[in-house]
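These are my notebook entries on a protein model. I set down what I looked up, entry by entry.

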Amino acid sequence: MNLRPTLLATLLLALCGSTFAATDEAQSPVDVHVKKNGELIIIDVDFKVPVAPKQAWDVLTDFDHMSNFVSNVKFSAITKRDGDKIEVAQKGLADHGLISFAFDSVREIELKPFSKITSHILSGNMKKLDGTTVLTPDGTGTHVTYHAESISPTYVPPVIGPKFIEGESRHQFEEMRAEMLKRKATSEK
């Protein structure tokens, strides 16, 4: 094998990290599946949260404050508003050991309160990023599903890349879910 030392270290770290990710996955209330089909990365997220759809919505659409409760988002702001369509600029860094990915995007987001959020990348460092979040009342709270299709500007290795994306996606949605629960608890005081 003729691998550079840093690439070999990255591979070893990712393999070790996937063991820890499996443990986190078993304990997480957020179910995430990532598939790679050529360049296309498909992400599906599914979770339930015991809050009303509006409370879940308020967190998922709190773009101006998202960097306060999603740790890999360093900057987030609504830059344009036109009825139920907004533009959002975000910057951040997804980081796990030696593997990291800086992201920078401006997305057009269409809002259908309090049930659906659709986004499409306008500019940034991704070739493609389209996503849909659906909120459905389920009697005890809200069922949230998210589906995204993206194409990275850089090569995403087949096994390690999807595992990394899965872990980062799970972490992001766990943080948003935690914020939903925190806001619910605060509103009940």
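**Entry 1: Histidine 33**

I began with histidine 33, which is partly exposed, with a relative accessible area of 46%. I use buried for under 20% relative accessible area, exposed for over 50% and partly exposed for values in between, with a 1.4 Å probe and protein chains only. The model is predicted, and I therefore note that local features need pLDDT of at least 70, that side-chain atom pairs count only at pLDDT 80 or more, and that totals for chains, interfaces and linings use all residues. Residues are numbered from 1 along each chain as its sequence is written, and side-chain values use heavy atoms, with hydrogens and water left out.

I located histidine 33 in strand β1 (residues 31-37). Helices (H or I, at least four residues) and strands (E, at least two) are DSSP runs, numbered from the N terminus. Setting aside neighbours within four places in sequence, I found histidine 33 in contact with Ile42, Ile43 and Asp44; contact means heavy atoms within 4.5 Å. I also recorded histidine 147, which is 114 residues from histidine 33 in sequence and 9.7 Å from it in space, C-alpha to C-alpha.

**Entry 2: Overall layout**

I counted the secondary structure next: the protein has three helices and eight strands. Along the sequence the pattern reads α-β-β-α-β-β-β-β-β-β-α. The protein has 189 residues, of which 38% count as buried. Of the contacts with a separation of 6 or more, 50% are between residues 24 or more positions apart.

**Entry 3: Helices α2 and α3**

At what angle do α2 and α3 pack? I read about 125 degrees for helix α2 (residues 53-60) and helix α3 (residues 160-187), with their axes 9 Å apart. The axes are lines fitted to C-alpha atoms, for helices over the stretch in contact, and the angles run from 0 to 180 degrees between N-to-C directions. The two helices are therefore oblique to each other; angles under 35 degrees count as roughly parallel, over 145 as roughly antiparallel, 65 to 115 as roughly perpendicular and the rest as oblique.

I then listed the contact residues: α2 contributes Gln55, Ala56, Asp58, Val59 and Leu60, and α3 contributes Met176, Glu179, Met180, Arg183, Lys184 and Ser187. By class, I entered five nonpolar, two polar and four charged residues for this contact. In that scheme Ala, Val, Leu, Ile, Met, Phe, Trp, Tyr, Cys and Pro count as nonpolar, Asp, Glu, Lys and Arg as charged, and the others, Gly among them, as polar.

I looked separately at glutamate 179, which lies in helix α3. Its relative accessibility is 12%, so glutamate 179 counts as buried. Beyond its neighbours within four places in sequence, glutamate 179 is in contact with Val59 and Phe69.

**Entry 4: Aromatic pairs**

How many aromatic pairs are there? I obtained three, where rings of Phe, Tyr and Trp (its six-membered ring) pair if their centres lie within 6.5 Å, and planes under 30 degrees apart count as stacked, over 60 as edge-to-face and the rest as tilted. Phenylalanine 47 and phenylalanine 173 form a tilted pair, 6.1 Å centre to centre with 55 degrees between the planes. I placed phenylalanine 47 in strand β2 (residues 40-49) and phenylalanine 173 in helix α3, 126 residues apart. Both phenylalanine 47 and phenylalanine 173 are buried.

Tryptophan 57 and phenylalanine 114 form an edge-to-face pair, 5.8 Å centre to centre with 90 degrees between the planes. Tryptophan 57 lies in helix α2 and phenylalanine 114 in the loop between β5 (99-112) and β6 (116-124), so the pair ties together parts 57 residues apart in sequence. Tryptophan 57 counts as buried at 5% relative accessibility, whereas phenylalanine 114 counts as partly exposed at 37%. I also noted a cis peptide bond joining proline 113 and phenylalanine 114, with omega about -15 degrees. Ring pairs link Phe47, Tyr146 and Phe173 into a cluster.

**Entry 5: Threonine 133**

I closed with threonine 133, in strand β7 (residues 128-137). Threonine 133 counts as buried at 7% relative accessibility. Not counting residues up to four places away in sequence, threonine 133 touches Leu60, Ser115, Lys116, Ile117, Val144, Thr145 and Tyr146.
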